[in-house]
Amino acid sequence: MAATAQQTVEKTSAGAEIAAPARGRRWRGVTPWLFLIAPLTLLIVFTYAPIANMVAYSFTDWDGVSPELHYTGADNYTEIFTREDLFRVFFVSGYYLAASAVQIAAALYFATILSFNVRFRNFFKGVLFFPYLINGVAIGFVFLYFFQDGGTLDSVLSLFGVHTDHAWLGTSTSANTSLAGVSVWRYLGLNFVLFLGAIQSIPGELYEAAELDGANRWHQFRYIIAPGIKPVLSLTVILSISGSLSVFEIPYIMTGGATGTETFVIQTVNLAFRFNKTGLASAAAVVLLLIILLVTWVQRRMVPDDKVDLV
Amino acid sequence: MYRRTVLAMVTGAALLLSACTGTGGSSKGADAKAPTDPAKVSGTIKVLTVRTDLVQDGTMDKYAAEFNKTYPKVKVEFEALTNYESEVKIRMNTENYGDVLLIPAVIKKADYPKFFASLGTVEERGEKYRFTDFTTVDGKVYGQSPVGVTPGFIYNKRVWREAGVTEWPTTSAEFLTALKAIKSKTDAVPYYTNFAAGWTLTSWTYVNGSVHCDPQATTKLAEGDPWAENADLRVGDTLLHDIVKQGLAEKDPTTTNWEESKPRTAKGEIATQWLGTWAIVQFQDAAKKAGVNPDDIGFMPFPAQTDGKFCAAVAPTTTRPSTSTPSTRTPPAPGSTGSRTSPVTTRTIWRSPRSRTPRCPRCCSLTRTRA
Amino acid sequence: MKFIEVDDSRGADVKQIDNQSETGIYAPEYRQKLVDLARGATKGGLDDFFADLSERWTEAQG
């Protein structure tokens, strides 16, 4: 009886052993997809489907509301590439590009300094990152007061005895510079945090070894930190370039694109919602997407993303 | 519409091949006939409106009660939208845009029959109501404007008096002279562009018709050149240009503030702004809040006379601008109402008989406020 | 003081021309440009400004 029972047990367990790996393998195959369902659904519904929609609209003359729309082939694209006034707005991106260079340099500087042992470093980290957490619309309004005639900037300057009487948003150059400045203030924190994270992932022994070899702070930065954060640096550059090409929030809220501050995205929004040329605007958005992809590709070709090996 | 969107999501190519689809349904441009026995009509109608204030303070419920006197079995629901124009624009693509609504400015007139039911022919409507031609497509009327406004200058009477100007200027040149007098004799900013808000500048388009007292001004826009010598828009734009060029506007137009400009005008820090009758009430409110005399807020027409008379074009609020401006700054103000095919006709609520359409600018302004 | 009603039978056409030409007479941009021009923030003359508007408008009337 006992023997039979034993046998049965063995049999069943043997059977289970055969079944288990098959089922387990199947489950192992399915599990990642189960986890992916939620993000993939969100991604497809809210990112790829609208993009597909937009690409479809870019071949039509849809006005945004009318139930009727007509297939117009590549007409919208022809119009975009033959109208130089639509591309002139990219000059404005130059201001933001220059600003992002300043921004990356400043972020790198602060990240390096605050990665060393500095007093109140957590406080300064907070101060630098804080602007990134504020809503862009709020920033727009705050800075509208800031740049007002006799506003915050003017009062602060007059404390130092400088009375400029300068209309900060008054001319195209001044307005774009001011707006780019706001954008530096806003996004500095993000770059800073990215750099800081990368710097802190560099093993501490390296600094000690370097110090023993007589390296100063600059040497440490040049030969340890800079190569160590190269991947993050190149990512930041890509983000800055695509960000500069697609600036929207701050100029839209603050000037609405007046006084030569119109960016490509503001122009696209105006085409779509002001002049009801949704088809043309969709094509413009597709063109912007392609330009950004192209810039990224060129940049990746020029600066290949090598594996960094510090140790 | 919904079907089309889904289709486009699945495959863009399919959309392109079948690029022309309709909203569906047989209700396209149908007539909203008044039922013979109102007491028997039942159901629910939803009304979309910009007037959040009137929904909150219960005024709309009074309208509904009035409506229910004729249609006792119909339930009226109101939905007030703060960001009306942009929200309704999106909703026009669905089936969910209420039964009675203000026609969003974005919808092309020719498309009215696709979205709305007709209220009647232009002949029968025109007898009783004003502004019917603004919503007429192929002889049928698709909407009714509840309010008419005229454009003009809001000005501070006290400041103008202090500057020694007591008569309304009759030409652009006289107007500029008056502003110069204000600049030299008072501390006020003679003219405030409200440049940053943007839509305030758009009001200058409504000089159309007032300059030469021409009821056919819009036809001239369609057929002629609006910026030809002595054309209405050119006259208006030239005046605006000269005001700014001669330093009679605020120092830094790029950082103007619409909300602040109201109390500042009331207090006499700003002398003049080109707006419309709809603004009077708001400026008077601002005056009361600032503790100054609301009677100082004056209103004058465009400085041009035809046959020795000033002229002001009364228009429904339909043409009021500002689609897709940031909602935080300016609530969009679309105009006349349209009705979709619904179990009942919607005339009662939005009726604005000719006799009741206010004739003087001051009365018009009472009917709408702008936040 | 005389009040008139402007005939709007061609209003839809005006809007169509306005959108087609991207002038935006019911939008703020073109007058913001006008004010910028007037206060010297952008270069150019008023006549050229109007001529450009006229050209775009009449072209869209086509």
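**Exercise 1.** In this predicted model, determine the sense in which strand 9 (residues 151-156) and strand 11 of chain B pair, and over how many bridges.

*Solution.* Strand 9 of chain B pairs with strand 11 of chain B in the antiparallel sense, over five bridges. To fix the register, take B:G152, whose bridge partner in strand 11 of chain B is B:L275.

**Exercise 2.** Find how strand 10 (residues 189-191) of chain B runs relative to strand 11 of chain B, and decide whether strand 11 is enclosed or open.

*Solution.* Step one: strand 10 and strand 11 of chain B run parallel and are joined by two bridges. Step two: the register can be read from B:V189, which has B:I270 as its bridge partner in strand 11 of chain B. Step three: a residue counts as buried if 20 or more other C-beta atoms lie within 10 Å of its own. Seven of the seven residues of strand 11 (residues 270-276) of chain B are buried, so strand 11 is largely enclosed by the rest of the structure. For the chain as a whole, buried residues account for 51% of the 371 residues of chain B.

**Exercise 3.** Work out the strand order of the open three-stranded sheet in chain B and explain why strands 4 and 5 each have one side without a neighbour.

*Solution.* The three strands of this open sheet in chain B follow the order 4-6-5, with antiparallel pairing. Strand 4 (120-121) and strand 5 (136-137) of chain B are at the edges and have a single partner strand each, so one side of each lacks a neighbour in the sheet. The link between strand 5 and strand 6 (residues 140-141) of chain B consists of two bridges. Within strand 6 of chain B, B:K140 is the bridge partner of B:V137. In total, chain B has 16 helices and 15 strands.

**Exercise 4.** Describe the contact between chain C and chain B: how many residues take part, and which element of chain C gives the most?

*Solution.* Begin with the counts: 31 residues of chain C are in contact with 45 residues of chain B. Next, list the contributors: strand 1 (2-5), helix 1 (11-21), helix 2 (29-38) and helix 3 (46-61) of chain C each supply at least two residues to the side that touches chain B. Helix 3 of chain C gives the most, with six residues. By residue class, the side of chain C that touches chain B divides into 18 nonpolar, five polar and eight charged. Finally, inspect the strand pairing across the two chains: strand 14 (residues 309-316) of chain B pairs with strand 1 of chain C in the parallel sense over four bridges. There, B:A312 stands opposite C:F3 of strand 1 of chain C.

**Exercise 5.** Give the residue counts for the contact between chain A and chain C, and the classes on the chain A side.

*Solution.* Twelve residues of chain A contact ten residues of chain C. The chain A side that touches chain C comprises two nonpolar, eight polar and two charged residues.

**Exercise 6.** Compare the record for chain A with the model, beginning with the span annotated "domain: ABC transmembrane type-1".

*Solution.* An unreviewed UniProt entry gives this annotation to residues 89-299 of chain A. That span is 78% helix and 0% strand, and its end C-alpha atoms are 22 Å apart. The entry also places the feature "transmembrane region" at several spans, including residues 95-116 and 279-298 of chain A. Residues 95-116 of chain A are 95% helix, with end C-alpha atoms 32 Å apart. Residues 279-298 of chain A are 100% helix, and their end C-alpha atoms lie 29 Å apart.

**Exercise 7.** Decide whether helix 7 (residues 152-159) of chain A is enclosed or in the open.

*Solution.* Of the eight residues of helix 7 of chain A, zero are buried, so helix 7 lies largely in the open. Just after helix 7 of chain A, A:G161 has a positive phi of about 80 degrees.

Definitions and conventions: Residues numbered from 1 in each chain as written. Chains lettered and ligands numbered in written order. Predicted model: local features only at pLDDT ≥ 70, side-chain atom pairs only at ≥ 80, totals over all residues. Pairing = 2+ DSSP bridges. Contact = placed C-beta atoms within 7 Å. Nonpolar A, V, L, I, M, F, W, Y, C, P; charged D, E, K, R; others polar. Buried ≥ 20, exposed ≤ 12 C-beta atoms within 10 Å, placed from the backbone. UniProt positions renumbered as here; feature names shortened; annotations may be inferred.
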